[in-house]
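Please keep the sequence and the model side by side while reading. The paragraphs below go from the strands to a helix and then to some backbone angles.

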Amino acid sequence: MRTKIEKKHTFHGLGFPVHLTNVPMVEMRGEFVLDIDFNKLQKAVLLHLCHKKTPLTGNEIKFIREYFSLTTTAFGHLFSYSHSAVLKWENQGDSFARMSPTAEIYLRLHILDFLEKDALDFKELYHEIKIPELAKFLRTSQGHSYIPISINVEKELISAA
């Protein structure tokens with residue numbers, strides 16, 4: 001079985017593109033495929049979404065909801081929104097979901113709490129993401145082009161084993 005390290009790879013398996021670097025690949029049936037722990041990848045993506053400088057997109061919201069195995073009703077209930085509001089967010093695709101900045105920050109904190117990160121991460125997130133900045137992105141998002149998150153597989157997934 002042959003293996004290699006791919007310097008750059010764009011992974012689309014979560015519903016939105018994620019740029020991966022230093023990705024171990026293994027040859028299976030004549031084709032190279034990712035040789036990573038997908039559970040660790042999903043957790044790394046969740047953490048990166050928490051610290052993202054721009055608002056979450058519809059596809060990212062859908063990934064988060066599905067990661068937590070929640071219906072649109074149950075997910076909306078977390079933030080006192082209806083299931084139709086959640087569907088509206090998710091239907092934005094790779095555009096900003098347009099959820100309120102306070103609900104988005106609460107969602108990010110909810111993820112951090114689930115990942116059992118320490119209080120420093122909460123404090124960092126509080127200082128990194130400002131409600132006025134998120135609101136500004138939402139007001140001025142005309143012509144917004146999606147910027148994928150980037151994960152160094154070698155540093156964030158393999159070394160964390």
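In this predicted model, Glu 27 stands opposite Phe 32, a residue of strand 3. That facing pair belongs to the antiparallel arrangement of strand 2 and strand 3 (residues 31–34), which are joined by four bridges. The two strands form a hairpin with two residues between them, and Arg 29 in the turn has a positive phi of about 55°.

Strand 2 also has other partners. With strand 1 (residues 3–11), strand 2 (residues 18–28) pairs in the antiparallel sense, over eight bridges. Within this pairing Thr 10 stands opposite His 19 of strand 2. The hairpin of strand 1 and strand 2 has six residues between the strands, and one residue to look at there is Gly 15, with a positive phi near 100°.

What is the direction of strand 4 (residues 149–152) relative to strand 2, parallel or antiparallel? Strand 2 and strand 4 run parallel and are joined by four bridges. Here His 19 stands opposite Ser 150 of strand 4. His 19 can thus be found facing Thr 10 of strand 1 and Ser 150 of strand 4.

Now take the chain as a whole. It holds eight helices and four strands, and the order along the sequence is β-β-β-α-α-α-α-α-α-α-β-α. Of the 161 residues in the chain, 43% are buried. Among contacts between residues at least 6 apart in sequence, 65% join residues at least 24 apart. The accessible surface of the chain is about 9,300 Å², and carbon and sulfur atoms account for 54% of that area.

An example of a link across the sequence involves His 48, which lies in helix 1 (residues 38–50). His 48 and Ile 151 are 103 residues apart in sequence, yet their C-alpha atoms are 8.2 Å apart in space. Outside its neighbours within four places in sequence, His 48 is in contact with Ile 149, Ser 150, Ile 151 and Glu 156. Is His 48 buried, partly exposed or exposed? With a relative accessible area of 24%, His 48 is partly exposed, because a residue counts as buried under 20% and as exposed over 50%.

Helix 5 (residues 101–114) allows a check on length. Its 14 residues, at 1.5 Å a residue, should span 20 Å, and the end C-alpha atoms are 20 Å apart, so the two values agree. The buried residues of helix 5 include Ala 103, Ile 105, Leu 107, Ile 111 and Leu 112. Glu 104 and Arg 108 are also among the buried residues of this helix. Just after helix 5 comes Glu 116, with a positive phi of about 60°.

Most residues other than glycine have a negative phi. Against that background, two serines are worth locating. Ser 69 has a positive phi near 55° and sits in the loop between helix 2 (58–67) and helix 3 (72–78). Its relative accessible area is 66%, so Ser 69 is exposed. Ser 80 is not a glycine either, and has a positive phi of about 60°. Where is Ser 80 found? Ser 80 is in the loop between helix 3 and helix 4 (83–90). At 71% relative accessibility, Ser 80 is counted as exposed.

Key
Residues are numbered from 1 along each chain as its sequence is written. This is a predicted model: local features need pLDDT of at least 70, side-chain atom pairs count only at pLDDT 80 or more; totals for chains, interfaces and linings use all residues. Side-chain values use heavy atoms; hydrogens and water are left out. Buried means under 20% relative accessible area, exposed over 50%, partly exposed in between (1.4 Å probe, protein chains only). Two strands pair if DSSP finds at least two bridges between them. Contact means heavy atoms within 4.5 Å. Accessible areas come from the Shrake-Rupley method with a 1.4 Å probe; for residues, only the protein chains shown count as cover. The expected span of a helix is 1.5 Å times one less than its number of residues.
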